[in-house]
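Me: Could you take a close look at one part of this model for me? I'd like to know how a single helix sits against its neighbours, and then how that picture fits with the rest of the chain.

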Amino acid sequence: MPILLMIPFLAAAALAIPQPARVRFWVDLGAVVATLMVALSLPWQNAESVPLLRHDRLGMFAAIVVALAAVAPRFGRTRIAGQIALGGMLLAGLSGHALLTVAALALAAAVALVPHIRAGWYRVPLCGAGLGLLLFGSILPAAPLASGCALLGLAALAVAVPELLPLLPFLALRFAGAELVGVGLAGMLGCAMGVLLWPSDKNRLSWIAFGQAGVIALAFGLRSPDAIFAGVLLAVLLVLSQAARELAKGQGLAGLLASAGLAGLPPFGVFPGLALVILATARQAPWLLVGVLPALAAMGWAVVARMPTPRIGATDRWSAAWVPLALALLVGFALPGPVTAWLHVLAREVAR
């Protein structure tokens with residue numbers, strides 16, 4: 001586990017040394033791939049516990065999702081900042097102490113915000129408010145007030161620093177309980193209104209991604225093994241769908257399928273995870289479907305209404321977006337048995 005945390009920071013130090021652009025590219029990509037490989041190996045290792053770090057399945061899975069999200073270009077053009085942000089997110093996901101989690105999030109948020117300060121300066125005070133609320137919630141003894149402050153802080157961080165989105169649902173699962181149901185449902189409905197009221201191409205898919213994160217939060221808030229399993233599966237599919245959208249750059253058939261997958265149109269992208277969340281919700285709290293189904297329908301319609309005629313473009317033949325699109329189908333419909341069993345154990349542990 002310490003090796004996993006060291007790789008991004010060592011890569012950032014290596015990238016700080018002047019070197020040709022091609023070498024920098026391969027150092028950056030190699031470090032991210034190595035981080036993902038080490039993260040994927042965590043569930044099958046019998047490593048000893050490390051002070052201040054979590055050695056449970058939830059922390060390992062959060063590290064895997066964060067490392068997977070980093071493979072696509074998600075932290076801007078500055079590769080050094082991207083590696084530091086990756087290291088900070090991994091530390092926050094694996095941290096076993098609330099104050100260390102907040103400090104690691106502050107580091108990741110700070111370097112992720114640097115490229116956007118001039119264009120989006122308002123993100124800085126919003127990020128500071130989110131970190132302050134999360135810190136306040138982590139030290140409060142009163143459970144309801146502490147959970148509320150932590151959730152508000154995480155919501156503010158999600159808006160201010162979207163790069164943190166792959167990690168935030170797992171942190172919400174640590175800091176809050178059944179309150180996540182209300183937060184997730186409210187987030188879904190708010191994002192559904194967003195795609196209907198502001199349907200521009202730039203904002204539409206961002207609203208949909210936040211809405212899917214709300215579905216994950218709702219599933220985690222239900223606290224049943226089936227719902228948590230559906231939530232963790234949806235988290236992986238959401239990361240893969242966002243990666244496909246970014247790599248396709250909205251062009252050709254790959255871009256169309258990536259957008260459809262992000263909205264949950266069958267059988268692509270997040271659809272299998274959404275189906276499992278709906279089934280778990282119907283078994284446990286069917287009244288929630290009154291809000292869940294219209295919100296998902298609105299997000300799907302926002303994509304269908306602007307969907308161009310499907311055609312294979314010149315960029316489709318060698319598009320890297322086909323890799324996460326294929327992985328999403330594999331994870332959603334043909335997940336290997338040992339991996340499925342491990343995720344079910346994770347879900348049972350969290351649901352206790």
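Reply: What follows starts with one helix and its partners, then widens out to other spots and to the whole chain.

A bit of bookkeeping before that. This is a predicted model, so local features need pLDDT of at least 70 and side-chain atom pairs count only at pLDDT 80 or more, while totals for chains, interfaces and linings use all residues. Numbering runs from 1 along each chain as its sequence is written, and side-chain values use heavy atoms, with hydrogens and water left out.

Let's take α2, residues 21–41, the helix that holds L29. Helices here are DSSP runs of H or I with at least four residues, strands are E runs of at least two, and both are numbered from the N terminus. One partner is helix α1 (residues 2–15), whose axis comes within 9 Å of the α2 axis and crosses it at roughly 175°. Those axes are lines fitted to C-alpha atoms, for helices over the stretch in contact, and the angles run from 0 to 180 degrees between N-to-C directions. That crossing makes α1 roughly antiparallel to α2; the labels are roughly parallel under 35 degrees, roughly antiparallel over 145, roughly perpendicular from 65 to 115, and oblique for the rest. On the α1 side, L4, I7, P8, A11, A14 and L15 make the contact, and they meet R24, V27, D28, A31, A34, T35, V38 and A39 of α2. Contact here means heavy atoms within 4.5 Å. By class, this contact has 11 nonpolar, one polar and two charged residues. For those classes, Ala, Val, Leu, Ile, Met, Phe, Trp, Tyr, Cys and Pro are nonpolar, Asp, Glu, Lys and Arg are charged, and the others, Gly among them, are polar.

Another partner of α2 is helix α4 (residues 79–94), with axes that come within 11 Å and cross at roughly 10°. So this pair is roughly parallel. From α2, the residues involved are A21, R24, F25, D28, A31, V32 and T35, and they meet R79, I80, Q83, L86 and L90 in α4. The split is seven nonpolar, two polar and three charged. If you overlay the two contact lists, R24, D28, A31 and T35 of α2 turn up in both.

L29 is named in neither list. With a relative accessible area of 28%, L29 is partly exposed. On that scale, buried is under 20% relative accessible area, exposed is over 50%, and partly exposed is in between (1.4 Å probe, protein chains only). The C-alpha atoms of L29 and A178 are separated by 39 Å, with their positions 149 residues apart along the chain.

Further along, there's another helix pair to set beside these. Helix α6 (residues 123–139) and helix α7 (residues 143–160) have axes that come within 7 Å and cross at roughly 155°. They are therefore roughly antiparallel to each other. Their contact includes L126, L131 and F136 of α6, along with A146, L152 and V159 of α7. In that contact, 15 residues are nonpolar, three are polar and one is charged.

For a buried position, look at T101 in helix α5 (residues 98–113). T101 has 2% relative accessibility, so it counts as buried. Leaving out residues up to four places away in sequence, T101 touches A92, S95, L171 and R174.

Two backbone oddities are worth a click. Most residues other than glycine have a negative phi, and most peptide bonds are trans. R223 isn't a glycine, yet it has a positive phi of about 65°, and it lies in the loop between α10 and α11 (225–248). The peptide bond from P266 to P267 is cis, with omega near 0°, and P267 is in the loop between α12 (252–263) and α13 (271–284).

Zooming out, the protein has 16 helices and zero strands. Its radius of gyration is 19 Å, close to the 20 Å the globule rule gives for 352 residues, so it is as compact as a globular protein of that length. That radius is taken over C-alpha atoms, and the rule is 2.2 Å times the number of residues to the power 0.38. Buried residues make up 51% of the 352. Among contacts between residues at least 6 apart in sequence, 76% join residues at least 24 apart.
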